[in-house]
Structures are given as structure tokens and as C-alpha cells.
Amino acid sequence: MLTGAGVSAESGLGTFRGADGLWNRVNVEDYATPEAFHRRPAEVWRWYAERWRRMQAAAPNAGHQALVRWEGLFPSYLLVTQNIDGLHQRAGSRAVVELHGTLRRARCVSCGASVEMHIALTLPGEPPRCSGGEACGGFLRPDVVWFGEMLPAGAMERAVESAEAGDVFLVAGTSGTVFPAAGLIEVARRAGALVIEVNPEETAMSGLAHLRFAEPAGAALPRLTEEILEWRNRSRG
Ligand code: BJW
Ligand code: ZN
């Protein structure tokens, strides 16, 4: 299973691409790259701090909640998300891999020390300086993956393993344009999984889907989950 920003759209968090997308309002290169942080650390920090506040104010929606029930339904089930908002976990999902990191934490650019964002935001400085054990004084940055950066160690490996192992691969709320995440759909398809896409719009990856639900995740995912549970109960007799 692979999710993207569209799954959080009904929680009031904007997506990146499309007419109302974040990248239509600001330049990706000005915020979501290591070079941007190097050039304008204060602006980048403030922009993410504001997004963190929006994420905190948001609540998981019916789509997030439905996916919690998939845990335990399929033996190799893993929720691979590109989202940094933590809403899957707040809904109750535990088997989650965050391919693009998380905005719930900040980390030091020098020593890698990790700090909860709600604590980082109480520290002086924009961005604040590292005051961990070593107190190395490096800048704290959001613990997210920017363009041109490597994904968190082991994340893609776990994601590929689950995409190869499952009978069903669900793709919800992603435009399928950012790699290597989008490549998982092809991995699953090649491994023989049934690929299901949930997205009101056609995407770069729609051609790889066997089944498409052209609906918002908050409507399609609860219904799909109910149908799977009913089928499960029937097949158990
Ligand atoms: C709904 C809905 C509703 C709306 N219900 N659906 C191969 C080819 C070419 C380039 C590359 C390549 N491999 C790697 C690259 C470079 C680059 C890349 O992919 N570029 C592409 C743009 C081509 N990738 C990287 O740099 C990655 N790192 C990497 O590969 O390292 C190794 C390497 C380094 C250098 C060179 C080469 C290799 C890292 C990518 C990091 C992405 N980071 C971001 C920002 C995170 C922090 C932040 O939030 O600010 O992650 S970018 C942004 O896009 C964010 C998202 O996770 C990601 C994906 O977006 P997503 O989730 O799909 O959202 P949208 O908005 O695109 O789509 C939303 C969808 O929802 C739409 O389809 C709607 O229709 C739908 N929707 N309402 C259901 N209610
Ligand atoms: Zn440090």
C-alpha cells in the first residue's frame, strides 16, 4: 500500500501538485531542497513551522481510519506513506514506513540528533541550534526528505519487500510522480499483485492499475475496507 498527500486532503491539508497545490504557491526549489535550507534557513524553518501547526490542528479522516483495519488483514501488509504529517499513526496505524521522513521531528544537520518538533519550536532561534548531548550547535532542520536527498535508511528496502510480497497493492492519493516512491507501483505490478488505485483524478500511474476508484479516499477506502471484511467473513464461512 502506498499513500500520498491526497489521503490527507480531506483532513484539510493541501496537496503539492494540481490547481490548489502547494507548489503552485511557492517554488519547490525555494523550500524543499537542501540548497534552499542552506541559502535561507530562517524562511525554510518558518515555512515548515507553519505547516507543522496546520498538521497539528488537523485530524485523521475516514480514509486514514479505514486503513487501520487493513493491518492484520494481509500478512505482508505495510502502509508505505510519502506523507510527513503523521496522520496515519494518529489514526492508529502501526505498520507504517515514512518514505519522506516526518515533520513530527527535527534533526541536527551536523550531528544528526533528533528533537521532537513541538520541543524544537520552543527553542530560541529560527532555526534553533542543536542543544543535544554533544550540544554541537548545528542548525535543526525538519526531519523530512527534500529533493535530491536519500530516503531514510532501510525505508525503501522495506517498502520494496512488501510491494513484492503482497497479492494486493493499494495506491491512494498520490500523483505517482516522485521517485523512487512511485516506482513501487511497478514493482508490485511486476511481482503479480492486483494494483488498485484510489484517486479522483487520473495519474501518471493509472495505466498500471487493474482497478481504479475515481473517488476521494475518504469515501472509497471505508467502502473498500468493508467489502474486504465482508468477503473475509464469507470465505471463512
Ligand atoms: C486525492 C484526494 C482525495 C486529491 N482522495 N486522492 C527518476 C526519474 C527522475 C527523477 C528522479 C528519479 N529518481 C529520483 C529522482 C529525483 C526526485 C524526483 O522524483 N523528481 C521527480 C519530480 C521527477 N526524487 C528525489 O529527489 C528523492 N530522492 C532520491 O531519489 O534520492 C536519490 C537521488 C538523489 C539525487 C538524484 C537522483 C537520485 C527524494 C524525493 C523527496 C520528495 N519530497 C517531497 C517533500 C517532502 C517535504 C515536504 O512536505 O515539504 O515529498 S516532494 C512532495 O511530493 C512530498 C510528497 O511526499 C511527494 C509526492 O507527492 P504526492 O503525495 O503524490 O502529492 P501530489 O500533490 O503530487 O498528489 C496528490 C494526489 O492526490 C493527486 O493525484 C490528487 O488527484 C489526489 N487527491 N484529493 C484521494 N480526497
Ligand atoms: Zn547536533
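Where is the place of proline 180? In this predicted model, proline 180 is found in the loop between strand 7 (168–172) and helix 10 (183–190), and the legends below go through this loop and several other close-up views.

**View 1. A cis peptide bond leads into proline 180.** The bond that runs from phenylalanine 179 to proline 180 is cis, with omega near 5°. The loop that holds proline 180 lies between strand 7 (168–172) and helix 10 (183–190).

**View 2. Four cysteines coordinate the zinc ion (ligand 2).** The sulfur atoms (SG) of Cys108, Cys111, Cys130 and Cys136 coordinate the zinc ion (ligand 2) at 2.2 to 2.4 Å. Because the four donor atoms subtend angles of 97 to 118° around the zinc ion (ligand 2), the arrangement is tetrahedral. For comparison, the ideal angle for four tetrahedral donors at a metal is 109.5 degrees. Along the chain, the donors of the zinc ion (ligand 2) follow the spacing C-x2-C-x18-C-x5-C. Cysteine 108 belongs to strand 4 (residues 101–108), whereas cysteine 130 belongs to the loop between helix 8 (117–120) and strand 6 (140–144), and this pair, 22 residues apart, links distant parts of the chain. Both cysteine 108 and cysteine 130 are buried.

**View 3. Helix 5 (residues 41–57) carries a series of buried residues.** At 1.5 Å a residue, the 17 residues of helix 5 should span 24 Å, and the C-alpha atoms at its ends are indeed 24 Å apart, so the expected and the modelled spans agree. The buried residues of helix 5 are Pro41, Ala42, Val44, Trp45, Trp47, Tyr48, Ala49, Arg51, Trp52 and Met55.

**View 4. Tyrosine 48 takes part in aromatic pairs with tryptophan 47 and with tryptophan 146.** A search of the whole structure finds nine aromatic pairs. In one of these, the rings of tryptophan 47 and tyrosine 48 have centres 5.0 Å apart and planes at 85°, so the pair is edge-to-face; tryptophan 47 and tyrosine 48 are both buried. In another, the rings of tyrosine 48 and tryptophan 146 have centres 6.1 Å apart and planes at 50°, so this pair is tilted. Because tyrosine 48 lies in helix 5 and tryptophan 146 in the loop between strand 6 and helix 9 (155–165), the tilted pair ties together parts that are 98 residues apart in sequence. Tyrosine 48 is buried, with a relative accessible area of 3%, and tryptophan 146 is likewise buried, with a relative accessible area of 3%. One aromatic cluster is formed by Phe16, Trp23, Tyr31, Phe37, Trp47, Tyr48, Phe139 and Trp146.

**View 5. Arginines sit over the rings of tryptophan 47 and tryptophan 146.** The charged end of arginine 51 sits over the ring of tryptophan 47, at 4.8 Å from the ring centre. Arginine 141 lies over the face of tryptophan 146, with a distance of 3.9 Å to the ring centre.

**View 6. Glutamate 126 touches residues that include Ala42.** Glutamate 126 is placed in the loop between helix 8 and strand 6, and because its relative accessibility is 44%, glutamate 126 counts as partly exposed. Leaving aside residues up to four places away in sequence, glutamate 126 touches Ala42, Trp45 and Arg46. Although glutamate 126 and valine 44 are 82 residues apart in sequence, their C-alpha atoms are 9.1 Å apart in space. The peptide bond from glutamate 126 to proline 127 is cis, with omega near -5°, and proline 127 too has its place in the loop between helix 8 and strand 6.

How values were computed. Residues numbered from 1 in each chain as written. Chains lettered and ligands numbered in written order. Predicted model: local features only at pLDDT ≥ 70, side-chain atom pairs only at ≥ 80, totals over all residues. Heavy atoms only, no water. Donors = N, O, S within 2.8 Å, 3.2 Å for Na, K, Ca; no water. Tetrahedral: all angles 85-135°; square planar, octahedral: opposite > 155°, others 65-115°. Helix = DSSP H or I, 4+ residues; strand = E, 2+ residues; numbered from the N terminus. Buried < 20%, exposed > 50% of the residue type's maximum accessible area, 1.4 Å probe, protein only. Expected span 1.5 Å × (residues − 1). Phe/Tyr/Trp six-rings, centres within 6.5 Å; stacked < 30°, edge-to-face > 60°. Lys NZ or Arg CZ within 6 Å of the ring centre and 35° of its normal. Contact = heavy atoms within 4.5 Å.
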